[in-house]
Amino acid sequence: MNTIPSLAVEVQAEDIEVIMDVMEDMNPVHVDEALAHSLGLRGCVNQGPSNLGYVINMLIDWAGFPEAIRHLNVRFHSISCPGDHLEARGVILELFSEGESCLARCSVELVRLLGLVGEGTELILRGTAIVEISDELETMIEVSSVG
Amino acid sequence: MDLEALVGYELPVGQYCITPDDHQKTVRAIHQEEYAFEVAHPVYAHLAPHCGMGFKIDEFFDFVDFPMDGGALYGEGDLTYHKPIRIGVTYTVRGRVASAERKHGVRTGIFDLITLHLELFDSSKELIVTSLETYVFPRSENSAS
């Protein structure tokens, strides 16, 4: 199995406010903890696009350039909140060609780490990505598959 | 509300330009401080169409008859990258309501799923990004009829 190097991130309340500002998103559920609890949520809601962004960061770090990402489809299963420790993960499902390019179809997910290592995870989002990969990376994947 | 009547509705045409300042703030906030590429961060395939669509977020909530503090969530995203997104370029956003349906979940109760189909075009009308964004609107039993 070929895995994509995972990426860890801790959600910060101040980052949520920055994204609210950029998106002109005045939804109070991002900053009003009492409101979030009244809605049955466990805390202020980190923006979905930020969760998506962490997965994209993992893919950029792996592929080496942002234009590598050709398609991304994700479904959100849960929210992330300030203080959460998250981990973006990915697995290469297949390689295929499109013109001169080699593309990888990958499954991706973002999980929340629960407590200490080994105590389990909660799924935040899961989906698939199509990513262009370099010749060098393709060779590494093929070598890894053989090994 | 009549969900079926929403389907096909063409959103007002909007515009969006990623300013260098906003881009810098965004990449820092999503923990990609070292991002140093010429093209915009790919998360803007969602942000640019979303922020540039002809509705502001409060107008969109009014449109779907849902309060801002009602706990709506981003449920699903589908992004197709046709061309790289550039910082400092003004894009045109066209969009429509692709689907709107009511669901009943055992755990979540009644909720509406509304999907917007948004497209980002450059000044030569070339398609840059296609973004499908689905929102979840929890509905109380009282508003379900």
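Reader: Before we start, which helix angles count as roughly antiparallel?
Author: Angles over 145 degrees count as roughly antiparallel. Keep in mind that this is a predicted model.

Reader: OK. At what angle do α1 of chain A and α2 of chain B pack?
Author: About 150 degrees, with the axes 9 Å apart. Helix α1(A) covers residues 13-23, and α2(B) covers residues 20-29. The two helices are therefore roughly antiparallel to each other.

Reader: Is the crossing left-handed or right-handed?
Author: Left-handed, as α1(A) passes α2(B).

Reader: Which residues make that contact?
Author: From α1(A), A:Asp15, A:Val18, A:Ile19 and A:Val22. From α2(B), B:Asp22, B:Lys25, B:Thr26 and B:Ala29.

Reader: And how do they split by class?
Author: The contact of α1(A) with α2(B) has four nonpolar, one polar and three charged residues.

Reader: Zoom out. How many residues does each chain put into the contact?
Author: Chain A gives 34 residues and chain B gives 31.

Reader: Which elements of chain A give two or more residues to that side?
Author: Helix α1, helix α3 (48-63) and strand β2 (69-76) of chain A.

Reader: What's the class mix on the chain A side?
Author: The side of chain A that touches chain B has 21 nonpolar, seven polar and six charged residues.

Reader: New topic, strands. How many bridges join β2(A) to β2 of chain B?
Author: Five. The chain B strand spans residues 73-81, and the pair runs antiparallel.

Reader: What stands opposite A:Arg75?
Author: B:Glu76, in β2(B).

Key: Residues are numbered from 1 along each chain as its sequence is written. Chains are lettered from A and ligands numbered from 1 in the order in which they are written. This is a predicted model: local features need pLDDT of at least 70, side-chain atom pairs count only at pLDDT 80 or more; totals for chains, interfaces and linings use all residues. Axes are lines fitted to C-alpha atoms, for helices over the stretch in contact, and angles run from 0 to 180 degrees between N-to-C directions. Helices (H or I, at least four residues) and strands (E, at least two) are DSSP runs, numbered from the N terminus. Angles under 35 degrees count as roughly parallel, over 145 as roughly antiparallel, 65 to 115 as roughly perpendicular and the rest as oblique. A crossing is left-handed if the near helix is turned anticlockwise from the far one by less than a right angle, and right-handed if clockwise. Two residues are in contact if their C-beta atoms, placed from the backbone, lie within 7 Å. Ala, Val, Leu, Ile, Met, Phe, Trp, Tyr, Cys and Pro count as nonpolar, Asp, Glu, Lys and Arg as charged, and the others, Gly among them, as polar. Two strands pair if DSSP finds at least two bridges between them.
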